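Biologist: Could you take me through one part of this model up close, and then tell me how the rest of it sits around that part? Keep it casual, but be straight with me about confidence.

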Amino acid sequence: MPGVLPRTLPASLGRGCLGRWLLATRGWALLGAGAVPCSCPRWRLRPPLLLRAARQSFGTQAGGLKAAKPGGDNKDVSVHRALNEETLVSAAQKVKEAGRDFTYFIVVLVGIGVTGGLFYVIFKELFSSSSPNKIYGDALEKCRSHPEIISVFGDSIKGYGEATRRGRRQHVSHIEYIKDGLKHMRLKFYIEGTESGKQGTVHVEVKENLETGRFEVRYIFVDVETYPRRTIVIEDNR
Amino acid sequence: MEEYAREPCPWRIVDDCGGAFTMGAIGGGIFQAIKGFRNSPVGVNHRLRGSLTAIKTRAPQLGGSFAVWGGLFSMIDCSMVRMRGKEDPWNSITSGALTGAILAARNGPVAMVGSAAMGGILLALIEGAGILLTRFASTQFPNGPQLSEDPSQLQPPLFSNYQQYQ
């Protein structure tokens, strides 16, 4: 079987679309319209028919090459054949392809929706001034610059939140509640200093300011885990 | 809640590196098994041998590259936590970007920028998913205590009995 095939067979076609190539460039009328359908993988099930077509078409190859101009005419023939082939796509095929395209479109939409949602969440968390992370950052800055805290904990103060399973401590525990029609939020995070063993819990409460739309601090205080327990009030705006 | 008696950060690097290697090796193993199976001559013995060969050659490579990514990311993350003194989502995003940039260093500065952008965006998505999950998980327990009064530490500052809230 391999010996019958011409050497001009393009290597890129491989075993996939040999049927279509044969149909396009040789006498496809030999096979009849519906014998080799458009979807190439089914070619594998019909080797006998195609072998017959191949042998018959290669019989005319010598005459064809002498008669045709090299290059241009062959290309015209292929395009012509391909166009003819397209009109044989039945309505069922079109519906199937449209269905497949529609499914892919839906999948792409769902993907974009999920990605957009995740981006929105992360932007709101990092950049909006009413996110717990931002309030935690501001409170930590205020703690770092407070002289009493520095005297108790040392110079460089680390802040962290609740520990998740893997040991990362990024989540700051917070509660939002509404009181007197205004939104309040309470946060709790931990700080640790360079002096060994000194740990503290920082409690922050913020209240929403209706004119500016941002949160402003109601109080910040630190519970130091020493014996006896000591509380340092950093800010009290009640 | 401090479940860990020791600092998570230096040990987390080894943890992440090993976890990434396992993910890459198992995922690569499954993928290469199917690929080797399909690209082998007909006959179950040939196919099984082909898939085994593919797994043996390719899966460790994929595991290795995953491990490099995970280990480098975790190292940069821990370094940033140590430098900034604060644990933030910003650390993860910057670490992802830097990891992508370092791993593309062989291909020149433009490729580094592109790889850094991809790494940063990937980590931002992962962080967003993590934040969503923690928010949903925490709202599932609606037992918030009554919060109408201020905590007792503020007014008479040495009041020792204080109810802990979440």
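What follows is a close look at a pair of strands, and then a walk through both chains.

Biologist: I'd like to zoom in on strand 5 and strand 6 of chain A: in which sense do they pair, and over how many bridges? And how many residues does the hairpin between them run through?

Modeller: Sure, with the caveat that this is a predicted model. Strand 5 of chain A covers residues 215–224, strand 6 of chain A covers residues 230–236, and the two pair in the antiparallel sense over six bridges. The link from strand 5 to strand 6 of chain A is a hairpin, and five residues make the connection. If you want one spot to click on, go to Val222(A), which has Ile232(A) of strand 6 standing opposite.

Now step back along the chain. Chain A has seven helices and six strands, and the order is easy to remember: reading from the N terminus, the elements go α-α-α-α-α-α-α-β-β-β-β-β-β. Your hairpin therefore belongs to the β part of that run, given that helices and strands are numbered from the N terminus. In the contact list for chain A, taking pairs with a separation of 6 or more, 45% are between residues 24 or more positions apart. Chain A has 238 residues, and 36% of them are buried.

You asked about confidence. The mean pLDDT of chain A is 72, with 60% of the residues at 70 or more. The lowest mean is in helix 1 of chain A (residues 18–25), at 47, while the highest is in helix 5 of chain A (residues 91–127), at 92. The pLDDT is also below 50 over residues 1–19 of chain A, a stretch with 17 contacts beyond near neighbours in sequence. Residues 61–65 of chain A fall below 50 as well, and there the model has two such contacts.

Helix 5 of chain A is worth a second look, as Phe105(A) is found there. Phe105(A) is part of a nonpolar surface patch along with Phe102(A), Ile106(A), Leu109(A), Val110(A) and Val114(A), and together these residues offer about 580 Å² of accessible area. For the whole of chain A, the accessible surface is about 14400 Å², and carbon and sulfur atoms hold 59% of that.

On to the partner. Chain B has four helices and zero strands, so there is no strand pair like yours to look for in that chain, since pairing takes two strands. Its mean pLDDT is 82, and 80% of the residues get to 70 or more. The weak stretch to flag is residues 156–166 of chain B, where the pLDDT is below 50 and the model has 14 contacts beyond near neighbours in sequence. Chain B has 166 residues, 34% of which count as buried. For contacts in chain B with a separation of 6 or more, 49% link residues 24 or more positions apart. The accessible surface of chain B is about 10700 Å², with 67% of it on carbon and sulfur atoms.

For a single residue in chain B, try Ser74(B), in helix 2 of chain B (residues 44–84). Ser74(B) counts as buried because its relative accessibility is 1%, against a cut-off of under 20%. Leaving out residues up to four places away in sequence, Ser74(B) touches Arg12(B), Ile13(B) and Asp16(B).

As for the model as a whole, the scores are ipTM 0.70 and pTM 0.66.

Terms used
Residues numbered from 1 in each chain as written. Chains lettered and ligands numbered in written order. Predicted model: local features only at pLDDT ≥ 70, side-chain atom pairs only at ≥ 80, totals over all residues. Heavy atoms only, no water. pLDDT = per-residue confidence, 0-100. Contact = heavy atoms within 4.5 Å. Buried < 20%, exposed > 50% of the residue type's maximum accessible area, 1.4 Å probe, protein only. Areas by Shrake-Rupley, 256 points an atom, 1.4 Å probe, with all protein chains shown as cover. Patch = residues over 30% accessible without salt bridge, like charges linked within 9 Å, V, L, I, M, F, W, Y side chains within 5 Å. Salt bridge = Lys/Arg side-chain N within 4 Å of Asp/Glu carboxyl O.
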